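Here is a quick walk through this model, written for someone who wants to click along at the bench. Have the viewer open and follow the residue numbers as they come up.

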Amino acid sequence: MSVNLDLNEALNSAIKIYNDKKITIHQEGKEFPYITIKDDPSGNIKYCAVCFGYEGKLVPLYNDICVICAKRRH
């Protein structure tokens, strides 16, 4: 069983979310950039702004670190 991933669809979805003003991008000082979602039902979760920008993915940060970005650096 294979999964088809349409990167254009993911990017268009990310752009639509951003344009609808549902997210806010934050970067305070030299901290890792993150986004928050307006009216997030699960609380004030921080998501990786880098993964969202590159791939349209909402990856939650753990201890203010993105596990995907951390793996890419090594």
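## The sheet

Strand β1 is joined to strand β2 (residues 34-37) by four bridges, and the two run antiparallel. This is a predicted model, in which local features need pLDDT of at least 70, side-chain atom pairs count only at pLDDT 80 or more, and totals for chains, interfaces and linings use all residues. Residues are numbered from 1 along each chain as its sequence is written, and side-chain values use heavy atoms, with hydrogens and water left out. Helices (H or I, at least four residues) and strands (E, at least two) are DSSP runs, numbered from the N terminus. Two strands count as paired if DSSP finds at least two bridges between them.

On the other pairing, β2 and β3 go together in the antiparallel sense over two bridges. Put together, that gives an open sheet of three strands in the order β1-β2-β3, with antiparallel pairing. The edge strands, each pairing on one side only, are β1 (23-26) and β3 (47-48).

If you like to check registers by eye, here are the partners to click on.

| Residue | Partner | Strand of the partner |
|---|---|---|
| Isoleucine 23 | Isoleucine 37 | β2 |
| Histidine 26 | Tyrosine 34 | β2 |
| Tyrosine 34 | Cysteine 48 | β3 |

As a rule of thumb, in a regular strand the side chains alternate between the two faces of the sheet.

## The overall layout

Zooming out, the protein has three helices and three strands. Read from the N terminus, the elements run α-β-β-β-α-α. Of the 74 residues, 23% count as buried (under 20% relative accessible area; exposed is over 50%, partly exposed is in between, with a 1.4 Å probe and protein chains only). The accessible surface comes to about 5,900 Å², and 54% of that belongs to carbon and sulfur atoms. These areas come from the Shrake-Rupley method with a 1.4 Å probe, and for residues only the protein chains shown count as cover. Contact here means heavy atoms within 4.5 Å. Among contacts between residues at least 6 apart in sequence, 15% join residues at least 24 apart.

## What sits inside

Which residues make up the largest nonpolar core? There are seven: Tyr34, Cys48, Cys51, Val59, Leu61, Cys66 and Cys69. A nonpolar core is a set of buried Ala, Val, Leu, Ile, Met, Phe, Trp, Tyr and Cys residues joined through side-chain atoms within 4.5 Å. A second, separate core has five residues, including Ile23, Ile35, Ala49 and Phe52.

Leucine 61 is a good residue to click on in the seven-residue core. Setting aside neighbours within four places in sequence, leucine 61 touches Phe32, Tyr34, Lys46, Tyr47, Cys48 and Cys66.

Phenylalanine 52 sits in helix α2 (residues 49-55). Phenylalanine 52 counts as buried because its relative accessibility is 7%. The C-alpha atoms of phenylalanine 52 and tyrosine 34 are 9.0 Å apart, with their positions 18 residues apart along the chain.

## A salt bridge and two odd backbone angles

How many salt bridges turn up? The count is one, taking a salt bridge as a side-chain nitrogen of Lys or Arg within 4 Å of a carboxyl oxygen of Asp or Glu. The pair is lysine 46 and aspartate 64, whose closest N and O atoms are 3.2 Å apart. Lysine 46 is in the loop between β2 and β3, while aspartate 64 is in the loop between α2 and α3 (67-73), so the pair links distant parts of the chain, 18 residues apart. Both ends are partly exposed: lysine 46 has a relative accessible area of 26%, and aspartate 64 has 41%.

Aspartate 64 also has a positive phi, about 60 degrees, although it is not a glycine. Asparagine 63, in the loop between α2 and α3, has a positive phi as well, near 55 degrees. With a relative accessibility of 77%, asparagine 63 counts as exposed.

## How far to trust it

The pLDDT, the predictor's confidence in each residue from 0 to 100, averages 78 over the protein, and 82% of the residues score at least 70. Among the elements, helix α1 (residues 7-19) has the lowest mean, 70, and β3 the highest, 90. Where pLDDT is low, the predicted coordinates should not be read in detail.
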